[in-house]
Amino acid sequence: MTTNETSPNGTLTQESSPTDAAPVVELRNTGKSYGNVRALHGVDLTVRSGQVTCVLGDNGAGKSTLIKIISGLHQHTEGEVLVDGNPVHFGTPREALDAGIATVYQDLATVPLMPVWRNFFLGSEMTKGPWPVRRLDIEKMKQTADAELRNMGIVLDDLDQPIGTLSGGQRQSVAIARAVYFGARVLILDEPTAALGVKQSGVVLKYIAAARDKGLGVIFITHNPHHAYMVGDHFSVLRLGTMELSAARSEVTLEELTNHMAGGAELAALKHELAQVRGVDVEKLPEAEDLKTTVATPSKGTTE
Ligand SMILES: Nc1ncnc2c1ncn2[C@@H]1O[C@H](COP(=O)(O)OP(=O)(O)OP(=O)(O)O)[C@@H](O)[C@H]1O
Ligand SMILES: [Mg+2]
């Protein structure tokens, strides 16, 4: 890592980014159709070790389709997907995982009543003793989970507590630590802050930065430009299945990113529509131009 110190403008980004490193995952002119529905078209995306690539976009923009292709859930129907420079067509999520691509879905696939350590090892339990008396190595799993969580800076009082009792942010953090422990090189996070408040979102952003500092390439899907700008090295905005913006951090400001997400023209149209609804004084709504120059404070995560 270079540095993970909070910079004067309050972000968790690195001082310098190794942009010359070879991409771990690369999409070239990639697309996906579901029957007649063209969900994604002509998308280029590059994921490098030690960098956070943010994918932003409104509902239905194609974000989930994009990550489903990279994580092996769906196959692309156009263009190429390359891992370490080699074209791939993952048939199953297992194949993507074997290539080091781990995905943390928003619903997290945890077992709420099982202890934290048990969830940490779910599906990859440690065992001891020879067959047929092979049994779970509970002590070792607890110790390892504890050490790995601490290693990421996550301190939980009791790893025996059911994972369902943790906050949403803590559960996301455990999932990130788990992916790091099991050797992921690329970590995909699908809207990890969507259902979280400001403080909890901050916790998750911190561990996204920690995963990046451990050398993982992170793909961070979000609706929230403020969250993206806190940790992102590169920003890709999807609109109606195509890449509307693809820019390195040095090429785009938070204001520009916010405006891309809000869609200046769409805001004007919305204002016009609101004018026809009684009780809304459109004259008091800000102009699109004003929105461009407003430095908004981090907002609460959106809920879907
Ligand atoms: N399995 C599917 N079959 C048919 N159409 C689909 C399927 N999955 C997604 N789509 C369509 O593809 C488009 C992109 O959907 P996608 O779920 O990728 O968007 P998204 O950016 O993740 O949206 P959201 O923010 O709501 O999660 C949408 O028009 C959607 O209806
Ligand atoms: Mg989605």
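This report walks through the fold, the sheets, the core and the ligand site of a predicted model.

## The chain at a glance

Let's start with the overall picture. The chain holds 10 helices and 12 strands. Of its 304 residues, 39% are buried. Contacts often link distant parts of the sequence: among those between residues at least 6 apart, 69% join residues at least 24 apart.

Two open sheets are described below. One has four strands with antiparallel pairing, and the other has six strands with mixed pairing.

## The four-stranded sheet

As you move across this sheet, the strands come in the order β2-β1-β4-β5. The edges are held by β2 and β5 (86–87), each with a single partner strand, so one side of each has no neighbour in the sheet.

Strand β1, residues 25–34, runs antiparallel to β2, and seven bridges join the two. If you would like a landmark for this pairing, look at Val25, which stands opposite Val47 in β2. Strand β2 is also worth remembering for the ligand site, since β2 (37–47) supplies at least two residues of the shell around ligand 1.

## The six-stranded sheet

Here the order is β6-β9-β10-β3-β11-β12. The edge strands, β6 and β12 (242–248), each pair on one side only. From one strand to the next, the twist averages 15°.

Strand β3 makes a good starting point for exploring this sheet. It pairs in the parallel sense with β10 over five bridges, and Val52 has Val218 as its bridge partner in β10. Strand β3 also pairs in the parallel sense with β11 (residues 234–239), again over five bridges. There, the bridge partner of Cys54 is Phe235. Strand β9 (residues 186–190) runs parallel to β10 (residues 217–222), joined by five bridges, with Leu187 standing opposite Val218.

How many of the six residues of β3 are buried? Six of the six are, so to speak, under cover. Val52, Cys54 and Leu56 are buried on one side of the strand, and Thr53, Val55 and Gly57 are buried on the other.

## Helices across the sheet

Two helices can be placed against these strands. Helix α5 (residues 168–181) lies across β6 and β9, running at about 170° to β6. Helix α6 lies across β3 (52–57), β9 and β10, at about 155° to β10.

## The nonpolar core

The largest nonpolar core contains 67 residues, and those with the most contacts inside it are Val186, Leu187, Ile208, Ile219 and Phe220. Helix α6 (residues 198–213) contributes the largest share of this core, with seven residues.

Leu187 is a handy residue to click on. Leaving out residues up to four places away in sequence, Leu187 touches Ala102, Val104, Ile176, Ala179, Ala211, Leu216 and Val218. Val104, one of those contacts, sits in strand β6 (residues 101–104). Is Val104 buried or exposed? Val104 has 21 other C-beta atoms within 10 Å, and because the cut-off for a buried residue is 20 or more, Val104 counts as buried.

With the same sequence neighbours left out, Val104 touches Gln172, Ala175, Ile176, Ala179, Leu187, Ile188, Leu189 and Pro192. Val104 and Ala175 are 71 residues apart along the chain, yet their C-alpha atoms are separated by 6.7 Å.

## Around ligand 1

Which residues surround ligand 1? They are Tyr34, Val37, Ala39, Gly57, Asn59, Gly60, Ala61, Gly62, Lys63, Ser64 and Thr65. Sorted by class, this shell has four nonpolar, six polar and one charged residues. Gly57, which belongs to the shell, is also one of the buried residues of β3.

Helix α1 (63–70), like β2, supplies at least two residues of the shell. Helix α1 gives the most, with three residues. This helix is mostly covered, with eight of its eight residues buried: Lys63, Ser64, Thr65, Leu66, Ile67, Lys68, Ile69 and Ile70. Lys63, Ser64 and Thr65 are therefore both buried and part of the ligand shell. After α1 comes Gly72, which has a positive phi near 85°.

Note on methods:
Residues numbered from 1 in each chain as written. Chains lettered and ligands numbered in written order. Predicted model: local features only at pLDDT ≥ 70, side-chain atom pairs only at ≥ 80, totals over all residues. Near = placed C-beta within 6 Å. Nonpolar A, V, L, I, M, F, W, Y, C, P; charged D, E, K, R; others polar. Core = buried A, V, L, I, M, F, W, Y, C linked by C-beta atoms within 7 Å. Buried ≥ 20, exposed ≤ 12 C-beta atoms within 10 Å, placed from the backbone. Contact = placed C-beta atoms within 7 Å. Pairing = 2+ DSSP bridges. Axes fitted to C-alpha atoms, helices over the stretch in contact; angles between N-to-C directions.
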